[in-house]
Amino acid sequence: MEHCDVLVLGAGPGGLAAAAAAKKAGAEKVIVLDRDRKAGGILNQCIHDGFGLIRYGASVSGPEYAAKALKEAETAGVTLRLGLQAVSMTSDRRLLAQGTEGLVEFKAGSIVLATGCRERTRGAISVPGSRPAGIFTAGVLQNFVNVRNILCGKRVVILGSGDIGLIMARRLTLEGAHVEAVLEVMKEPGGLARNISQCLYDFGIPLYTSHTVSNIIGKKKLEAVEACPVDEHLKPIPGKSWIIPCDALVLSVGLIPENEVALTGGVVLSEKGGGAETDANLMTNLPGVFACGNCRKVMDLADYVSNQGTLAGANAARFVRGEALKPWNDKEASGMVKGLPAPGSVTCPICPNGCQIHIDPQTGAISGNRCPRGKAFAEQEKTHPCRTLTTTLRVDGGEERLVNIRSDKAFGREHLAEAMEQLKKVRAQAPIRLGDVLAELSFDGETVRFLAGEDVAAKCPEQ
Ligand SMILES: Cc1cc2nc3c(=O)[nH]c(=O)nc-3n(C[C@H](O)[C@H](O)[C@H](O)COP(=O)(O)OP(=O)(O)OC[C@H]3O[C@@H](n4cnc5c(N)ncnc54)[C@H](O)[C@@H]3O)c2cc1C
Ligand code: SF4
């Protein structure tokens, strides 16, 4: 049996922040456990930027954010135990995990649960029709495209307007697929206004609110879906449906907290969302067992998850040391503008406030920005919209097939497709270090550099 002061389950942003904070708050031995072989959680497949605006004051990609969080944990002196799947726990803070080394038992002074969330599937929303190949959840597709280099469809329909679906609409379009439509059963889209603007409006992808998929067509492979408006009870209106030919249907219909291990120990879950219930100090009903991040309650931004992890980890250390715990302030986890951007306005992406900035078509006057940076952004949008591009390059001789990259500056939106075409011809040679310049392109007389968003080790030669 391995003993430690604080055991953190899950090495996503919540768990890494919790572990670093526990160490800083005085816990001697802090272990973070994860079933994946790479720390960072789901962020490793979220190659788009927009992370870190709150925590690091800069817009970085998911893998870059994960690398920063990992560095903080390592610098603090946390022990990482990767490739270990937790299978059960007890109310007196013992935890059993399984890996290639067999079963490992831990006994901890306190535990922080940071197991994240998973996606709702077709079963959870009961889409009628046959069961052909070609139906994916947005996160599975994100993993195929961003990590495994597999594009699963050329004509795509997205059901649900959650952020992952919106982000995948842009990603698939950039990769050369045609996104036929995004269908949302509710009156308002579920994703952030800035994602509606930059993932759908930028690419002319149609969004149908108050619509759903009323039938799936195809025997072995998906051939089409039937799209249909819904009534006030969210039921398809008979006689109003139409057929959209497609070879991929992507479901982006919500996230569910992941708490299978917590349940084995008797952690009480919320009846509404299935998240671990906690008191104001983020402690569950089990003394010394804390929960943070998306396994507690699904949050909009990884930054909020990290902030909550920081408090949960510090409280876990305080519990072990017999010190008073500190409360979580829920205001630290809200504020993003959701739904349709206000008509005739642009959504400022520079900070999480997401101001809806109005540009008067007659006078050109700009209003609605809370700070001068928003005014400059709106001026730019009016004359020449620019975007940062995140994508992947194929890797030769590496432990990974792909490396994610980000342009070092925003450049003309009209050049995005051309940039993607040119980048498809580039191959990166491992080893690669985060921040390496892997490609350079020129647009409007300016050089745009593409930087590696992660390390990729060289493949070990066969023994
Ligand atoms: C597919 C998908 C895409 C997302 N995209 C975005 C996005 O683009 N932007 C954004 O802000 N948010 C996104 N989110 C939300 C995202 O979950 C959070 O932003 C953030 O990553 C949550 O951090 P976390 O630490 O709570 O969980 P996670 O990052 O999910 O980390 C949880 C970790 O726990 C580990 N784990 C779980 N159970 C066990 C077990 N039994 N044993 C061992 N290890 C275990 C997992 O392997 C994982 O590494 C996405 C979520 C999903 C599911
Ligand atoms: S205008 Fe200023 S406050 Fe508003 S979103 Fe942009 S940067 Fe943030």
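# Strands, a helix and a ligand shell

Trainee: Which residue in β17 stands opposite Ile-111?
Mentor: This is a predicted model, where local features need pLDDT of at least 70 and side-chain atom pairs count only at pLDDT 80 or more, while totals for chains, interfaces and linings use all residues. Residues are numbered from 1 along each chain as its sequence is written, and chains are lettered from A and ligands numbered from 1 in the order in which they are written. β6 (residues 102-113) and β17 (residues 289-291) run parallel and are joined by three bridges. Opposite Ile-111 in β17 stands Val-289.

Trainee: How many bridges join β1 to β6?
Mentor: Strands are DSSP runs of E, at least two residues, and helices are runs of H or I, at least four, numbered from the N terminus; two strands pair if DSSP finds at least two bridges between them. β1 (residues 2-9) runs parallel to β6, and Cys-4 has Ala-108 as its bridge partner there. The number of bridges joining β1 to β6 is seven.

Trainee: Which residue in β6 stands opposite Arg-94?
Mentor: β5 (residues 94-99) runs antiparallel to β6, with six bridges. A hairpin of two residues joins these strands. Opposite Arg-94 in β6 stands Lys-107.

Trainee: Why is one side of β18 and of β20 left without a neighbour in the sheet?
Mentor: The open sheet has the order β18-β19-β20, with antiparallel pairing. β18 (345-347) and β20 (366-367) stand at the edges, so one side of each lacks a neighbour because each has a single partner strand.

Trainee: What angle does helix α9 make with β19?
Mentor: α9 (residues 372-383) packs on that sheet and touches β18, β19 and β20. A contact requires C-beta atoms, placed from the backbone, within 7 Å. Axes are lines fitted to C-alpha atoms, for helices over the stretch in contact, and angles run from 0 to 180 degrees between N-to-C directions. The angle with β19 is about 55°.

Trainee: How many residues of α1 are buried?
Mentor: Buried means 20 or more other C-beta atoms within 10 Å of a residue's own; exposed means 12 or fewer, and partly exposed lies in between, with C-beta atoms placed from the backbone. The buried residues of α1 (residues 13-24) pack against β1, β2 (30-34), α2 (62-76), β6 and α8 (302-321). Pro-13 and Lys-23 are among the buried residues. Of the 12 residues in α1, the number buried is 11.

Note on methods:
Two residues are in contact if their C-beta atoms, placed from the backbone, lie within 7 Å. The expected span of a helix is 1.5 Å times one less than its number of residues.
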